[in-house]
Amino acid sequence: MEFVVRTWSAGARLGSMQLAAGVQMETPTLLLLTRKGLPAFIPPDLLQNLHPDARACQVSPLHFLDSPSASIVETAGGLHKFVSMTGFGMVALARDSLMDESNGEASSKLGAAFETTSGRRVVGPAKYMEIVNACKPDLWVSLPDEVPTWAAEKRNRLSVDRTLQWLDHCLSLQPAERGNRCLGVVVGSASLDERIRSAEQTATRNVVGFSLGGFGLGEDASQRALQMDAVIAKLPKEKLRHTSGLGLPEEVLQAVEAGVDVFDSIYPFMLTKGGYAMTFPLNMENSPGNLDTQPSASELAYIGSDSAKMNLRSVAYRLDKSPLVVGCKCYTCQRHTRAYIHHLINTHEMLSQTLLEIHNTYHYLEFFKAIRDAIKADKFLAFRNWFTSTRKETRVHSPASKSPTLVLH
Amino acid sequence: MNWPRALLTDSGGFQMVSLLHLADITEEGVTFQSPVDGKPMLLTPEDSIQIQNKIGADIIMALDDVVKTTTTGPRVEEAMYRTLRWIDRCIAAHSRPHEQNLFGIVQGGLDPQLRDICLEGLVARNLPGYAIGGLAGGEGKDAFWRVVAQCTAGLPEDKPRYVMGIGFPLDIVVCTALGADMYDCVYPTRTARFGSALVSEGVLRLTHAAMATDYRPLDSSCTCMVCKRYTRAYLHTLVTKEAMGSQLVSYHNISHMMQLSRNLHSSILEGRFPEFVQSFLQKQFPKGDVPDWVCNAMDVAGIDISMCRIPQSA
């Protein structure tokens, strides 16, 4: 794996990452969500041309505990071959946000506890690396003992110690011939001291990058910014930084500003499952200049939509012949209308989920592209400020008056 | 839908059979209980055609009075005659006869005399195409093929014959041998969602434990996207558990049915249809245990399959 930082804008950095032969990506970027190695609803033939930046996926070793088992993946020649994802980057990481947000309660010195489709499983470094080595991912995140922000001090300290032990154990099980592909996890939860300790210690290990763990677990967003800054201050600047669990565009922007390079998220999937299309405006140039042509915040709220997402279950879209997002170049928006997808959702057709996951992933990737463009133009802060301000704007339509009043707060 | 190819809509008649306990059939039409809000809904032949005119499919189906093939007694005769009266109402209501082809549906249960009357009546209406309806219920295979044979013999040579609800590969091969042209069935995709793949030898149950370590593609002779990329072992882990499993196996099963259709078509065109049937049966029944009903049907179709009853060596 090769990673090079090319330029900065405020705290955000633009990088170039080569995960494998033919898998070159610019960062900040997104790893696509997978279940057992493939996206939830996007089949491989549609994934091929989904978006120029749809080149790498996250994969959870937890999906390879039983069916398939590690030995089956190994016999098949590794994960890329087994799930026919040769040519894509695959990054293994333990967290499976769809199944379980770990609270660390059932974890022990034997391993971290996870809820899986076959019940609670305790996975230690040996088992974890057995799966990782069978899969042969391009990068793998070490096994953390993650705890949420409300964990007791003693438990939090233990989580930092254990995560370091498990990192060392995992590294010792990494076969030399595969080279170094480890991202060390930094934990420490709400304690800045523990975060710093974890970061400093992890930075001394022979890893190619870092994963900022313990985020997206219900912590306070403002605290998250402090913790990220504290951690990143202790990490070598030239190495890759990844984080899981963030989703909302504001969360991504905050983490990018702190200096994170690679993300994985369940956000596009969760919108898809709920029957939502991702709709937030992507960049300052293309944003609707005239707010009068857009539905007001209260009109959107009435049908269950808002400025980031469109609720396609609403009958408001029954006859709507526009694409999900006007001007979107994704497979779905090039071919289909809101009315059609609304109909598919109502008739419980699986196609609705395929079409929505395609659009939502594409839209999210376009967001990451907008972030990179802003960094390249050294306008990241302006972009960040513009984005967060459009999210906070509301138009108040008083029934008495025809002209809307613009309220900013 | 943004679908650039052909479309066919059904009339809603089949729901009469599948939702029968909620339906009241009169001369006027069918009264359903709406699945949306429980209120009574009347579907007349005029309504059905009007809706199908709006949807705009290339082929539309007449509203027929369908009865289960297991029904006996005067109800079967009543339904057949009503189907004939309703076809006239459908023809009268059809507002786009130059853009949409209205197919009539032959009813009459398993009674050859009733089927004959219906055939005569529909052929006299000179419709663009004909369906053979009322099968794909609980009837025995022996009764099924005989009705198909009678209908194909009685329908015009130069118009399509559409056997509704037929989709098992073996049934399609037999009906094709008997002179049918079109089929529809939920079977390929439904069986995919339950973890079964359609292959040359028959049905592969991917949920079976042995599939977990079977690194072969679904079907060695299939060139579809799924068979090019995936093994039984991987699909075993997805079926019934992940939506992707349903998608991939459905994709293969549909591809399999398309290949079967292409094979039937080209073998007829190239004058080697009997050889294709023989090879198909030998793959499906390597032990030579071709069912009697298939043998009887092939007899009537004039296809020699005597060599298929000899067990193949391993």
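Okay, so between chain A and chain B, there are eight residue pairs in polar contact, with both partners at pLDDT 80 or more. Keep in mind that this is a predicted model. There's also one salt bridge between the two chains. In that salt bridge, R35(A) pairs with E242(B), and the closest N and O atoms sit 2.7 Å apart.

Which parts of chain A face chain B? Helix 1 (44-47), helix 2 (70-75) and helix 3 (79-82) of chain A each put at least two residues into that side. If you sort the residues on that side of chain A by type, you get 14 nonpolar, seven polar and five charged.

Now the extent of that interface. On the chain A side 26 residues are in contact, and they meet 22 residues of chain B. The area buried between chain A and chain B comes to about 2000 Å², and carbon and sulfur atoms give 59% of that. If you want three residues to click on, try K36(A), F82(A) and M350(A): together they supply 25% of what chain A buries against chain B, more than any other three residues.

Right, let's move inside chain A. The chain is divided into domain 1, residues 2-265, and domain 2, residues 274-407. Their C-alpha centres lie 29 Å apart.

How many residues of each domain are in contact? It's 34 from domain 1 of chain A and 28 from domain 2 of chain A. Between them, these two domains bury about 2800 Å², with carbon and sulfur atoms giving 71%. On the domain 1 side, F41(A), H51(A) and L253(A) supply 23% of the area buried against domain 2, more than any other three residues.

There are charged pairs here too. Four salt bridges turn up across the interface of domain 1 and domain 2 of chain A. Take R384(A) and E257(A): their side chains form a salt bridge, 2.3 Å from N to O. On top of that, we've got 13 residue pairs in polar contact across this domain interface, both residues at pLDDT 80 or more.

So what does domain 1 of chain A use to touch domain 2? Strand 1 (2-9), strand 2 (12-20), strand 3 (23-27), strand 4 (29-31) and helix 8 (249-258) each bring at least two residues to that side. Helix 8 of chain A gives the most, with six residues. By type, that side of domain 1 has 22 nonpolar, seven polar and five charged residues.

That's my tour, thanks for listening.

Conventions. Residues are numbered from 1 along each chain as its sequence is written. Chains are lettered from A and ligands numbered from 1 in the order in which they are written. This is a predicted model: local features need pLDDT of at least 70, side-chain atom pairs count only at pLDDT 80 or more; totals for chains, interfaces and linings use all residues. Side-chain values use heavy atoms; hydrogens and water are left out. Domain bounds come from an automatic or database domain assignment. Contact means heavy atoms within 4.5 Å. Buried area is the accessible area (1.4 Å probe) that two parts lose on being put together, summed over both. A polar contact is a pair of N or O atoms within 3.5 Å; within protein, one must be able to donate a hydrogen and the other to accept it, and residues adjacent in sequence count only if both atoms are side-chain atoms. Helices (H or I, at least four residues) and strands (E, at least two) are DSSP runs, numbered from the N terminus. Ala, Val, Leu, Ile, Met, Phe, Trp, Tyr, Cys and Pro count as nonpolar, Asp, Glu, Lys and Arg as charged, and the others, Gly among them, as polar.
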